[in-house]
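Q: Could we go through this model together? I have some short questions on its loops, its ligand shell and its helix packing.

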Amino acid sequence: MTLVPGTVRPRRLRTTPALRRLVSEVRLHPADLVLPMFIKESLTEPAPLSGMPGVVQHTLESLLTAAEEAVAAGVGGLMLFGIPAHRDEIGSQADAPEGILNQAIRELHDRLGDSTVIMGDLCLDEFTSHGHCGVLDARGGVDNDATLERYAAMAVAQARAGAHVLGLSGMMDGQVRACREALDLAGYSDVVIMGYTAKYASAFYGPFREAVDSELQGDRRAYQQDPANGREALRELELDLAEGADIVMVKPGLPYLDVLAEVAASSPVPVWTYQVSGEYAMIEFAAAAGAIDRDRAIEESLIAFKRAGADAILTYWATEVAQRLTEAQRPTGAQRPTGAQNPTEVQRPTGAGQ
Ligand code: PBG
């Protein structure tokens, strides 16, 4: 059958790069990207991670340099994870003022002030000798309410160190309320709480466990969500909102796009997502094997989050992608400064008038 006059042709809007750009429904901006960073106590130089090519555990010095580079690239913020030299049952270093995470937050704040958004991961797993996200009860299970007291102390310690946003990633019931109350009582009512609303017990955290030298035996299925459950995420959302979360998070990203879309459709507060270590590794290793085009795969994965409704994305590629996006924004044609890199396909002048 040939198309008759008057037929609707969706392909018309895909004709040129400029048209495609004009009609794209969502786009990425450097400020949408948050860079997760690892700071490890008593390292003397940055340590590359075999499971995450291109990502390192930082020293304080390399952290500051990388943070400045990220800020110069225009990223929206930095999310810090700390790896202490000493761990114990209750994760004492998590709220110690000189604990590595709090120290790093303080140094970043001294260096960068309010020019970016400094965030601390608020969870005990990097600090406990058993690797669980909370303190254990007599039978070895994670004690929800005893853990809340530790989280509240961590919240105040991170706020005191200068964190703008706290990332509550532990999946304890009541964690948002416990931290909000502690912050307000301590005079930190401006500190923002980002609640990990839907955090699934996921195999895609694999490389992260290496990144934080995790001690965990077993899994986190008794507190993180079951991958089979989508509806439950909306219940978690309702609770986090009632407890005062300012921002909510869905994690991991790509395997949970449906959950992200549903949460985004019903949340009155910003919704973020976390493109986790395993998602990063899949693209890096597939690209290294020559199976996919790395840069396009990265961009496509990030745009998928925007399409599903994410307002911001935590991604280990934040600086690189922010730099690429900024580069692509450079004026084209005669206004382009000499020596600038070639414009990407999207910017290449097409047709008359150029
Ligand atoms: C726990 C935490 C994890 C990640 C971020 N925070 C791991 C886990 O829950 O086991 C994973 C992030 C990633 O995989 O990139 N505090």
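The exchange below takes these topics in turn.

Q: What kind of model is this, and how are residues numbered?
A: This is a predicted model, in which local features need pLDDT of at least 70 and side-chain atom pairs count only at pLDDT 80 or more, while totals for chains, interfaces and linings use all residues. Residues are numbered from 1 along each chain as its sequence is written.

Q: Where is Glu41?
A: Glu41 is in the loop between β1 (33-40) and β2 (47-49). Strands here are DSSP runs of E, at least two residues, and helices are runs of H or I, at least four residues, numbered from the N terminus.

Q: What does Glu41 contact beyond its sequence neighbours?
A: Leaving aside neighbours within four places in sequence, Glu41 is in contact with Ile83, Pro84, Ala85 and Ile100. Contact requires C-beta atoms, placed from the backbone, to lie within 7 Å. Glu41 and Ala85 are 44 residues apart in sequence, yet their C-alpha atoms are 5.6 Å apart.

Q: And Ser42, buried or exposed?
A: Ser42 is exposed, because 10 other C-beta atoms lie within 10 Å. The cut-offs are 12 or fewer for exposed and 20 or more for buried, with partly exposed in between, using C-beta atoms placed from the backbone. Ser42 also has a positive phi of about 60 degrees, although it is not a glycine.

Q: Moving on, which residues surround the ligand?
A: They are Asp121, Cys123, Asp125, Cys133, Ser169, Tyr205, Phe208, Arg220, Val276 and Ser277. The criterion is a C-beta atom, placed from the backbone, within 6 Å of the ligand.

Q: How does that shell divide by residue type?
A: It has five nonpolar, two polar and three charged residues. Ala, Val, Leu, Ile, Met, Phe, Trp, Tyr, Cys and Pro count as nonpolar, Asp, Glu, Lys and Arg as charged, and the others, Gly among them, as polar.

Q: Which peptide bond is cis?
A: The bond from Lys251 to Pro252 is cis, with omega near -10 degrees. Pro252 is in the loop between β8 (247-251) and α8 (257-266).

Q: Last topic: how is α4 set against α5?
A: α4 passes α5 in a right-handed crossing (the near helix is turned clockwise from the far one by less than a right angle). Among the residues making the contact are Leu148 and Tyr151 of α4 and Ala178 and Leu183 of α5. The contact residues divide into 10 nonpolar, one polar and no charged.

Key
Contact = placed C-beta atoms within 7 Å.
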